[in-house]
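Trainee: I've got the model open and I'd like to see how its labels are earned. Can we go through them one at a time?

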Amino acid sequence: MALDLEEQEQIAELKQFWTQYGKLIIACVVLALAAFGGMKGWKHYRATQAGEASALYVKLQEGVRKNDVAEIQKLGAQLVDQYGATAYGPMAALALAKSEYENGKAGVAADRLRWVIDNAHDEEIVALASLRLAGIRVEEKKFDDALKLLDTQHGAALETLFSDLRGDALLAQGKIAEARAAYRLAVEKGLPNSSYRNVVQIKLDALGSGT
């Protein structure tokens, strides 16, 4: 059956459209398929990385439990260097920093903790690194730096530790009233009858009532 005039016009328009935009359409389809494949490949890569990092972190925790400094250093460095972009990288760096600090390398530990603060995406990990770095800064008598670190957002579970260290920094600066307020908050947020809370209470009592 012969095509009528309207059908012939439609076919002609379609041919013209395809001649004009066909290559662009094909290119877009190819790019879309490549992007989809790349996304799947990236997800697979991330999953593989996370799995490998998880296995290494389990071994690192075993090294921490045994207090095996050489194992902590080896596995911790491997996790940070090769899997730093995963969640296990910053956690490994925390373990490394603790080991370095306990073995007389406070400066190295401080740099490690700064890396955690700058690279971790978990707020709790950032808060813990900030607290530990603030402790080093207090020991270095860099009290303003310590207080800035102690302004880091943190959960209620860390409030006693943050407030206690803030009190130490403020007291070292001669800011008695502010130190007293920080210690008082630390006591209020501490667990009843805990030995740590009692230590902070002794600091608070030593400053007097302030009235």
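Trainee: What separates E62 and K66 along helix 1?

Mentor: About one helical turn, because the two residues are 4 apart in helix 1, which covers residues 5-66. Keep in mind that this is a predicted model.

Trainee: Why is the pair E62 and K66 called a salt bridge?

Mentor: The label needs a Lys or Arg side-chain nitrogen within 4 Å of an Asp or Glu carboxyl oxygen. For E62 and K66 the closest N and O atoms are 3.7 Å apart, so the pair qualifies. There's a bit more to that spot, too: E62, R65 and K66 are linked in a network of salt bridges.

Trainee: How do you know whether E62 and K66 are buried or exposed?

Mentor: Buried is under 20% relative accessible area, exposed is over 50%, and partly exposed is in between. E62 comes in at 31%, so E62 is partly exposed. K66 has 55%, so K66 counts as exposed.

Trainee: What makes E71 and K74 a salt bridge?

Mentor: Same test, with the cut-off at 4 Å. Their side chains meet at 3.7 Å, N to O, so the name holds. Both sit in helix 2 (residues 69-83), and because they are 3 residues apart, about one helical turn separates them. E71 has a relative accessible area of 25%, so E71 is partly exposed.

Trainee: And D118 with R114, what earns that pair the name salt bridge?

Mentor: An N to O distance of 3.7 Å between the side chains, set against a limit of 4 Å, so the pair passes. D118 and R114 lie in helix 4, 4 residues apart, about one turn of the helix. At 54% relative accessibility D118 is exposed, while R114, at 36%, is partly exposed. Searching the whole structure turns up 10 salt bridges.

Trainee: Why is T86 called buried?

Mentor: Because its relative accessible area is 12%, and anything under 20% gets that word. T86 sits in the loop between helix 2 and helix 3.

Trainee: What makes T86 and Y83 a polar contact?

Mentor: A polar atom of the T86 side chain lies 2.8 Å from the backbone oxygen of Y83. The limit for N or O atoms is 3.5 Å, so that distance falls inside it.

Trainee: Let's move to helix 5. How do you know its length fits what is expected?

Mentor: Helix 5 runs over residues 123-139, 17 residues in all. The expected span is 1.5 Å times one less than the number of residues. From first C-alpha to last, helix 5 reaches 24 Å, close to the 24 Å expected.

Trainee: What caps the N-terminal end of helix 5?

Mentor: D122 does, with a side-chain oxygen 2.8 Å from the backbone nitrogen of E124. Just after the helix, K141 takes a positive phi of about 65°.

Trainee: Which residues of helix 5 are buried, and what covers them?

Mentor: The buried ones include I125, V126, L131, L133, I136 and V138. R137 is on that list as well. Their cover includes helix 3 (88-102), helix 4 (106-119), helix 6 (143-149) and helix 7 (159-172).

Trainee: Last one: how many helices and strands does the chain have?

Mentor: It has 9 helices and 0 strands. Of the 211 residues, 33% are buried. The chain exposes about 13500 Å², with carbon and sulfur atoms supplying 58% of that.

Technical notes:
Residues are numbered from 1 along each chain as its sequence is written. This is a predicted model: local features need pLDDT of at least 70, side-chain atom pairs count only at pLDDT 80 or more; totals for chains, interfaces and linings use all residues. Side-chain values use heavy atoms; hydrogens and water are left out. Buried means under 20% relative accessible area, exposed over 50%, partly exposed in between (1.4 Å probe, protein chains only). Contact means heavy atoms within 4.5 Å. A polar contact is a pair of N or O atoms within 3.5 Å; within protein, one must be able to donate a hydrogen and the other to accept it, and residues adjacent in sequence count only if both atoms are side-chain atoms. Accessible areas come from the Shrake-Rupley method with a 1.4 Å probe; for residues, only the protein chains shown count as cover.
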